[in-house]
Amino acid sequence: MTQGEALTILKTGANVFLTGEPGSGKTHTINQFTDWLRASGIEPSITAATGIAATHVGGMTLHSWSGIGVSDSLTREDVDRIASKEHIAKRIMKAKVLIIEEISMLSAATFEMADKICREVKRVDQPFGGLTVILVGDFFQLPPISRNKETEFAYESPVWRELNPLICYITEQYRQDDSDYLSVLSAIRSGDVEELHHELLTSRSGLQGSTLENSVPKLFSHNADVDRINAEELAKIAGKVKKFHMSSKGKDSLVEGLKRGCLSPEILELKEGATVMFTKNSPQGKFVNGTLGVVIGFSSDDSPIVKTKDDLKITTEKMEWQLEEQGKVKASVSQYPLRLAYAMTVHKSQGMSMDAAIIDLSKAFEYGQGYVALSRVRRLSGLYLVGLNARALQVHPEILKKDRDFRAASLAAREAFEEMKEEEVTDMQKKFVKAMNGAWFDANTKSEARNSKQIKNSKDKIGLPGRLAETLQAVRDAKSLKQAAKDRGLAVSTIVTHLEELAELGKLTNADFSHLVSTDVAGEIHEAIESVGGSKLSPIFHLLHGRHSFETIRLVRLLRK
């Protein structure tokens with residue numbers, strides 16, 4: 001299934017399990033879906049199984065969102081107590097679409113506990129109280145942390161079976177472009193590792209040298225020694241350490257969760273000559289989460305200047321990690337998007353793409369650990385293997401069996417939607433938006449939306465006009481889109497969604513927001529839109545090779561109306 005086919009199914013409001021190999025574009029597809037939801041006036045509840053994953057997606061852990069915390073089990077009294085907490089009840093009652101990222105790392109027990117709380121709060125005896133639930137992840141990657149020897153995956157829960165999600169298995173690949181390396185990863189994933197694959201991997205062992213040791217990150221299976229290695233390598237560099245402290249806004253408990261999940265440290269220590277890794281994607285496309293570089297100096301305001309492996313010199317600016325709820329930023333932390341790149345754990349590398357890495361799998365102890373580490377690297381030439389044990393190339397045997405079921409179910413879903421007429425699918429999507437009290441918003445139905453009193457009334461019902469007025473004023477006053485979002489305490493994507501809704505109501509002119517996009521950027525995106533022959537975001541984004549964010553493309557698209 002392609003990303004576009006999966007997105008079409010997601011828009012129908014079906015419960016979905018979105019899966020695929022590392023680098024297939026699961027996160028990209030979910031981002032498109034959330035953008036579409038917000039453009040329709042529907043705010044998704046975004047959660048994840050772990051703090052690191054939650055920080056990547058700008059949400060909170062499912063444990064925090066549902067109020068279950070660190071509980072292993074819930075009594076009837078526990079369910080009543082949690083469901084009666086005002087902030088938990090209010091959050092769940094407002095929820096319409098629940099997204100759970102990194103579902104592979106969520107145990108069946110935790111999945112069921114969150115379900116119990118939602119049913120109790122909603123007073124609806126359906127999975128998660130009748131919420132539309134989107135599960136995202138890959139069960140071949142790291143499994144749930146289990147205190148006993150038995151690992152129970154979320155799909156083994158009766159709640160999963162009752163939820164009965166459609167399976168969308170994305171088969172595209174955007175990370176690896178090396179056929180030999182892809183064959184190794186595919187062999188691990190299918191449980192068919194042969195001597196040829198071992199030879200390819202071992203051909204990349206013993207290649208690290210003194211220069212390489214300091215320029216490529218090391219991945220370890222255990223936490224032990226990671227901080228020590230980073231500190232020791234930094235100490236070897238002459239010069240004074242510069243310290244950069246993370247700043248924060250919001251409730252202490254929420255801020256602490258962001259700090260734990262953030263890949264940039266609370267206190268970032270750097271020196272000129274230090275090897276670093278970017279921990280976030282650049283809105284301008286200058287770097288991505290995992291880009292390597294060396295600190296070559298500091299600007300007049302002490303901002304680190306980093307030279308990447310592509311000889312690009314970047315004066316780094318602080319960036320924010322945010323926790324959003326119902327379109328509002330509830331907490332944020334601000335830090336330079338950097339960390340020392342001498343060592344990190346496999347767990348913290350999940351979700352990253354790396355040009356190169358020194359990987360030590362001699363102590364791999366968990367199914368999927370080696371697969372996660374190896375699949376971070378884009379090609380075989382970027383792999384430097386220090387050690388490898390038998391467990392490193394193993395994935396969970398239960399997942400091998402289950403994966404065949406997932407692929408078959410995805411093929412059946414794809415074929416079922418291929419047989420439907422386009423009007424049928426569109427009608428399903430419209431009904432979903434209407435059921436969520438949203439406003440139908442689609443590039444092909446702009447005129448219908450513009451003339452529909454029903455849609456205008458639905459916007460009035462959810463209180464958008466007042467909020468839109470505040471956003472319009474903030475945009476007029478701001479020098480940048482980021483500044484407007486900061487002034488309003490909203491996510492950047494939400495600001496653009498408000499502008500799109502203002503345009504639908506005929507309350508937006510180009511003069512209101514054209515200053516947010518430079519003439520050069522607008523011209524480049526205009527050309528891309530003309531080249532793809534339409535205004536759909538994904539083809540434009542890919543044609544521009546990710547140089548401009550989806551939000552910037554949406555702004556330029558608005559300028560064309």
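Buried, on this tour, means under 20% relative accessible area, with exposed over 50% and partly exposed in between, computed with a 1.4 Å probe on protein chains only. The model is predicted, and local features need pLDDT of at least 70, while side-chain atom pairs count only at pLDDT 80 or more and totals for chains, interfaces and linings use all residues. Residues are numbered from 1 along each chain as its sequence is written, and side-chain values use heavy atoms, with hydrogens and water left out.

**The whole chain**

Begin with everything displayed: of the 561 residues of the protein, 54% count as buried. Colouring by secondary structure brings up 26 helices and 20 strands, where helices (H or I, at least four residues) and strands (E, at least two) are DSSP runs numbered from the N terminus. Contact means heavy atoms within 4.5 Å, and among contacts between residues at least 6 apart in sequence, 72% join residues at least 24 apart.

**The parallel sheet**

Select next the six strands that form an open sheet in the order S3-S2-S4-S5-S1-S6, with parallel pairing; two strands pair if DSSP finds at least two bridges between them. The edge strands, each pairing on one side only, are S3 (60–61) and S6 (166–170). Within the sheet, S1 (residues 16–20) runs parallel to S5 and is joined to S5 by three bridges, and Phe-17 stands opposite Leu-135 in S5. Adding helix H1 (residues 3–10) shows a helix that lies across S1, S5 and S6 and runs at about 160° to S6, the angle being taken from 0 to 180 degrees between N-to-C directions of axes that are lines fitted to C-alpha atoms, for helices over the stretch in contact.

**Aromatic rings**

Now show the side chains of Phe-139 and Tyr-155, both of which are buried. Their ring centres are 5.0 Å apart and their planes stand at 90°, so the pair is edge-to-face. Rings of Phe, Tyr and Trp (its six-membered ring) pair if their centres lie within 6.5 Å, and planes under 30 degrees apart count as stacked, over 60 as edge-to-face and the rest as tilted. Phe-139 and Tyr-155 are 16 residues apart, in the loop between strand S5 (132–136) and helix H8 (158–163). Tyr-155 also forms an edge-to-face pair with Trp-160, at 6.4 Å centre to centre and 80° between the planes, and Trp-160 is buried as well. Widen the selection to Phe-17, Phe-111, Phe-128, Phe-139, Phe-153, Tyr-155, Trp-160 and Phe-406, which ring pairs link into a cluster; the structure holds 19 aromatic pairs.

Two further rings carry a charge over them, which requires NZ of Lys or CZ of Arg within 6 Å of the ring centre and within 35 degrees of the ring normal. The charged end of Lys-242 sits over the ring of Phe-298, 5.2 Å from its centre, and Arg-391 lies over the face of Tyr-367, at 4.0 Å from the ring centre.

**The nonpolar cores**

A nonpolar core is a set of buried Ala, Val, Leu, Ile, Met, Phe, Trp, Tyr and Cys residues joined through side-chain atoms within 4.5 Å. The largest has 80 residues, and those touching the most other members include Ile-100, Phe-111, Phe-128 and Trp-160; helix H7 (residues 108–122) gives the most to this core, with six residues. Centre the view on Ile-100, whose contacts beyond its neighbours within four places in sequence include Thr-47, Leu-62, Phe-111, Phe-128 and Val-133. A second, separate core of 29 residues includes Leu-481, Phe-513, Phe-541 and Leu-555.

**The antiparallel sheet**

For the last stop, select the five strands that form an open sheet in the order S14-S13-S12-S11-S17, with antiparallel pairing. Its edge strands are S14 and S17 (338–340), each pairing on one side only, and neighbouring strands are turned by 40° against each other on average, direction ignored. S12 (residues 292–298) and S13 pair over five bridges, Val-294 having Lys-307 in S13 as its bridge partner, and the hairpin they form has five residues between the strands, with Asp-302 in the turn at a positive phi of about 75°. S13 and S14 (residues 313–315) pair over three bridges and form a hairpin with four residues between them, where Asp-311 in the turn has a positive phi of about 65°.

Which side chains of S13 are buried? Along S13 (residues 304–308), Pro-304, Val-306 and Thr-308 point to one face and are buried, whereas Ile-305 and Lys-307 point to the other and are not.
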